[in-house]
Amino acid sequence: MNNRVKQIVRFLISLKFGIILLIIIALYSVIGTVLPQHMPDEIYLQRYPSYGQLILALSLNRVYSSVIFTSLLVLFGLNLLGCTVKSLRGQLKQARKGFFPKTALIGEQMENSPDQADALAYFKYRKYQVEKHDRGFRAAKYRWGVLGPAVTHAGIIFVLAAGIISSAASREGFVNLLPGQEVTLDERGIALRLDDFYMTFLENGSVEQYFSDLTVSSGPDDQRSETIWVNRPMQYRGINFYQASFGWVSSLVIRDAETGETRTQRQMQDGQDFFFQPGHLTVVLYGFFPELAIGHNQQPVSLSHRQKNPHYGVVLYEFNRLAGTYIIGPGEVIRHGDWEITFSHSTLYTGILFRSDPSYPVALIGFIVLMLGMLISFYCYPRFAEYSDGALHTWSRKNGWVFHRTVSRHLDQS
Amino acid sequence: MDSIIYFENLTFNAAFILYIASSLLFFVYTAKLSEKTGKTAVLLTLGGFILHTAALTLRTIEAGRLPFSNQFEFAASFAWGIVLSFLVLHRIYRFTAIGAFVQPLAFLVMGYASMQSRAIRPLMPALQSHWLTVHVGTAVLSYGAFALACGIAVIYLIDSRREAGRRILKHPEVSDMLSYRVIVFGFFMLTVVIISGAIWAQQAWSRYWAWDPKETWSLITWIIYAVYLHLRIRRNWKGKAAAWFAVIGFISVLFTFIGVNVLLPSIHSYA
């Protein structure tokens with residue numbers, strides 16, 4: 001390797017470059033929180049005419065999934081790895097029994113020199129490794145603590161690796177199901193059936209919890225039934241099933257007013273619309289209100305999800321012109337021209353999110369290693385003391401002042 | 001029930017008043033350095049802290065859970081964390097003057113809490129998890145520690161401009177070192193906050209990381225303090241630059257707590 005390449009490699013695995021990357025990652029992340037994400041390109045061009053092009057060029061419209069951001073994270077991971085490997089050799093030497101830094105004697109000296117026997121007794125009591133020499137003794141503790149940063153960095157590398165695995169290999173899907181409905185999820189042929197969906201309520205009518213009874217199977221001999229709720233997913237063959245959302249589905253019936261013949265019957269969710277060709281009518285189900293009340297802005301609201309006073313908010317358009325707005329009860333008829341429109345039989349459906357993410361165990365290992373590394377770094381850092389010619393010096397790279405103060409306080413008291 | 005609410009409000013307001021009084025006394029102490037004033041300020045802080053603890057305990061009894069689930073509750077707990085951090089530090093090092101720069105932060109956060117709705121609402125389904133206690137409990141300690149570190153850093157910045165005889169703390173290097181130690185604790189706790197939140201999010205929302213604004217700003221805060229610690233430990237960065245970092249870090253903490261809720265849409269909107 002020529003000098004130029006060596007210089008570049010040295011820079012790429014340097015602390016300086018690591019810090020620069022961290023600052024860029026932080027700034028880029030800030031943009032992702034203030035700029036709306038994942039909107040159509042035209043919106044950025046319209047809303048930000050002077051710098052919309054720049055936003056798109058720098059992928060600021062999808063910061064966290066952009067090539068730029070991913071590259072920054074990969075570079076940071078490599079920097080961390082290089083930095084850690086570079087320092088590891090020296091750290092392993094320092095972690096060995098018998099290592100004593102040359103700098104120890106330029107550490108802090110105690111103002112009142114303690115008695116050698118007292119100092120020795122103190123360090124032995126505190127489980128320091130003590131070596132005697134002609135002019136006094138040396139004491140050291142937690143030499144292995146020097147490996148704390150390497151362990152911490154390893155934890156972060158695991159977490160970054162988990163992020164890459166997640167973006168490459170995680171699969172996610174979402175399905176709305178009515179009780180009794182079944183769907184096949186993927187090419188593996190895993191079937192998901194919703195046996196039941198229900199809620200429990202608190203005294204004030206608010207929802208306490210949402211429950212879905214699920215049966216998942218990949219064949220007649222391999223099926224499992226479980227109840228899931230928010231914070232309690234079900235796991236099956238590497239896929240997690242989450243209680244994600246819920247809603248009401250209501251039955252719309254349109255009849256011929258003269259003959260009473262049913263011309264259409266369908267299920268509609270809140271907010272959905274249906275175009276009825278024979279009458280050139282668009283029926284919009286504004287919402288189902290299980291316990292109707294009128295809000296302070298004269299809009300219908302539901303006090304709870306219990307069907308105590310069920311009503312439907314319906315908007316009708318004829319030839320794209322507003323034809324009327326209605327609040328009706330179940331089975332109550334809206335008569336419009338030759339047609340009778342009713343809503344009834346509202347049932348709860350549930351939204352189930354399913355996701356397989358092989359990166360989670362890697363992330364968990366990363367979390368544990370990271371915490372362990374930080375504990376070692378911050379609380380088991382190496383401490384050294386040398387008693388020589390009647391003077392006691394203490395030295396610690398990370399926390400010299402507190403270490404010196406602690407030793408001084410104890411020895412002064414004794 | 002009504003009497004519990006009454007006493008909770010009473011103790012909360014009394015604690016608030018004592019914090020204001022102690023802040024004023026701490027300022028008088030830093031100006032006059034009268035030992036008696038300092039002791040009184042610490043006693044008032046301790047009194048306020050006991051009442052504050054009582055208010056939070058009463059709320060816990062009333063709600064049947066720890067007070068961690070909305071802006072009022074977290075702000076009240078955050079202020080409690082600040083005062084706890086100060087009292088622990090005072091117990092160990094006896095640096096009374098620090099109170100003048102930490103207590104005002106506590107009463108400002110208390111003031112913010114008192115502007116929020118105090119209604120006790122049942123936990124929404126997403127919050128019904130044991131991780132709530134770990135996640136928010138460690139956030140209280142972490143944010144409290146960062147506030148304390150910020151207060152100490154401000155002392156350093158003031159002292160670094162003053163002559164030796166007029167300094168708030170005799171040795172500026174001591175405030176520099178204390179600020180660092182407190183940040184180490186806060187940083188460790190912030191890591192627990194982020195990790196526990198990630199594990200909880202995996203259970204509740206299917207992803208351990210989703211780049212939600214609250215998550216992202218916690219990470220940004222973590223990065224700020226990580227840069228601070230690296231520069232300090234590896235490059236021996238001390239003094240003014242380190243103190244400014246401690247202040248900027250705390251501004252980021254405040255933005256994560258208040259700014260994100262007010263300005264940015266987030267699935268953490270209840271917090």
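pLDDT is the predictor's confidence in each residue, from 0 to 100. Keep it in mind here, as this is a predicted model.

## Exercise 1: Confidence in chain A

Find which element of chain A has the lowest mean pLDDT and which has the highest.

**Solution.**
- Step 1. Start with the whole chain: chain A has a mean pLDDT of 92, with 98% of its residues at 70 or more.
- Step 2. Go down to the elements. The lowest mean pLDDT, 74, belongs to strand 1 (residues 108-109) of chain A, and the highest, 97, to helix 8 (residues 360-379) of chain A.
- Step 3. A word on reading such values: where pLDDT is low, the predicted coordinates should not be read in detail.

## Exercise 2: The sheet with strands 5 to 8

Work out the strand order of this sheet in chain A, and state whether the pairing is parallel or antiparallel.

**Solution.**
- Step 1. Look at strands 5 and 6 (residues 191-201) of chain A: they pair in the antiparallel sense over 3 bridges. Here Val183(A) is opposite Leu192(A) of strand 6.
- Step 2. Move on to strand 7 (residues 207-219) of chain A, which is antiparallel to strand 6 of chain A and joined to it by 10 bridges. Asp196(A) has Asp213(A) in strand 7 as its bridge partner.
- Step 3. Check the link between these two strands of chain A: strands 6 and 7 form a hairpin with 5 residues between them. In its turn, Gly205(A) has a positive phi of about 95 degrees.
- Step 4. Add strand 8 of chain A, which pairs with strand 7 of chain A in the antiparallel sense over 8 bridges. Ser212(A) faces Ile228(A) of strand 8 across this pairing.
- Step 5. Put the pieces together: the 4 strands form an open sheet in the order 5-6-7-8, with antiparallel pairing. Strand 5 (182-184) and strand 8 (222-229) of chain A each have a single partner strand, so one side of each lacks a neighbour in the sheet.
- Step 6. Finish with the twist: on average, neighbouring strands of this sheet are turned by 25 degrees against each other, direction ignored.

## Exercise 3: The sheet with strands 12, 13, 16 and 17

Identify the edge strands of this sheet in chain A, then describe the hairpin of strands 16 and 17.

**Solution.**
- Step 1. Read the order of this open sheet in chain A: 12-13-16-17, with antiparallel pairing.
- Step 2. Take the two ends. Strand 12 (273-276) and strand 17 (321-328) of chain A are the edges; each has a single partner strand, so one side of each is left without a neighbour in the sheet. Neighbouring strands of this sheet are turned by 20 degrees against each other on average, direction ignored.
- Step 3. Follow strand 16 (residues 311-318) of chain A into the hairpin: 7 bridges pair it with strand 17 of chain A in the antiparallel sense. Leu316(A) is opposite Gly324(A), and Val315(A) is opposite Thr325(A).
- Step 4. Look at the turn: 2 residues lie between the strands, and Phe319(A) in the turn has a positive phi of about 50 degrees.

## Exercise 4: Two partners of helix 3 in chain B

Classify how helix 3 of chain B is oriented towards helix 5 of chain B and towards helix 4 of chain B.

**Solution.**
- Step 1. Begin with helix 3 (residues 71-93) and helix 5 (residues 131-159) of chain B, whose axes come within 7 Å and cross at roughly 55 degrees. These helices are therefore oblique to each other, and their crossing is right-handed.
- Step 2. Inspect that contact. Helix 3 of chain B contributes residues including Phe74(B), Trp80(B) and Leu89(B), and helix 5 of chain B residues including Val136(B), Tyr143(B) and Ile152(B). By class, this contact has 16 nonpolar, 4 polar and no charged residues.
- Step 3. Turn to helix 4 (residues 99-114) of chain B. Its axis and that of helix 3 of chain B come within 8 Å and cross at roughly 165 degrees. Angles over 145 degrees count as roughly antiparallel, and helices 3 and 4 of chain B are therefore roughly antiparallel to each other. Their crossing is left-handed.
- Step 4. Inspect this second contact. Among the residues that meet are Phe72(B) and Val83(B) in helix 3 of chain B, and Val102(B) and Met110(B) in helix 4 of chain B. By class, the contact of helices 3 and 4 of chain B has 15 nonpolar, 3 polar and no charged residues.

Technical notes: Residues are numbered from 1 along each chain as its sequence is written. Chains are lettered from A and ligands numbered from 1 in the order in which they are written. This is a predicted model: local features need pLDDT of at least 70, side-chain atom pairs count only at pLDDT 80 or more; totals for chains, interfaces and linings use all residues. Side-chain values use heavy atoms; hydrogens and water are left out. Axes are lines fitted to C-alpha atoms, for helices over the stretch in contact, and angles run from 0 to 180 degrees between N-to-C directions. Angles under 35 degrees count as roughly parallel, over 145 as roughly antiparallel, 65 to 115 as roughly perpendicular and the rest as oblique. A crossing is left-handed if the near helix is turned anticlockwise from the far one by less than a right angle, and right-handed if clockwise. Contact means heavy atoms within 4.5 Å. Ala, Val, Leu, Ile, Met, Phe, Trp, Tyr, Cys and Pro count as nonpolar, Asp, Glu, Lys and Arg as charged, and the others, Gly among them, as polar. Two strands pair if DSSP finds at least two bridges between them.
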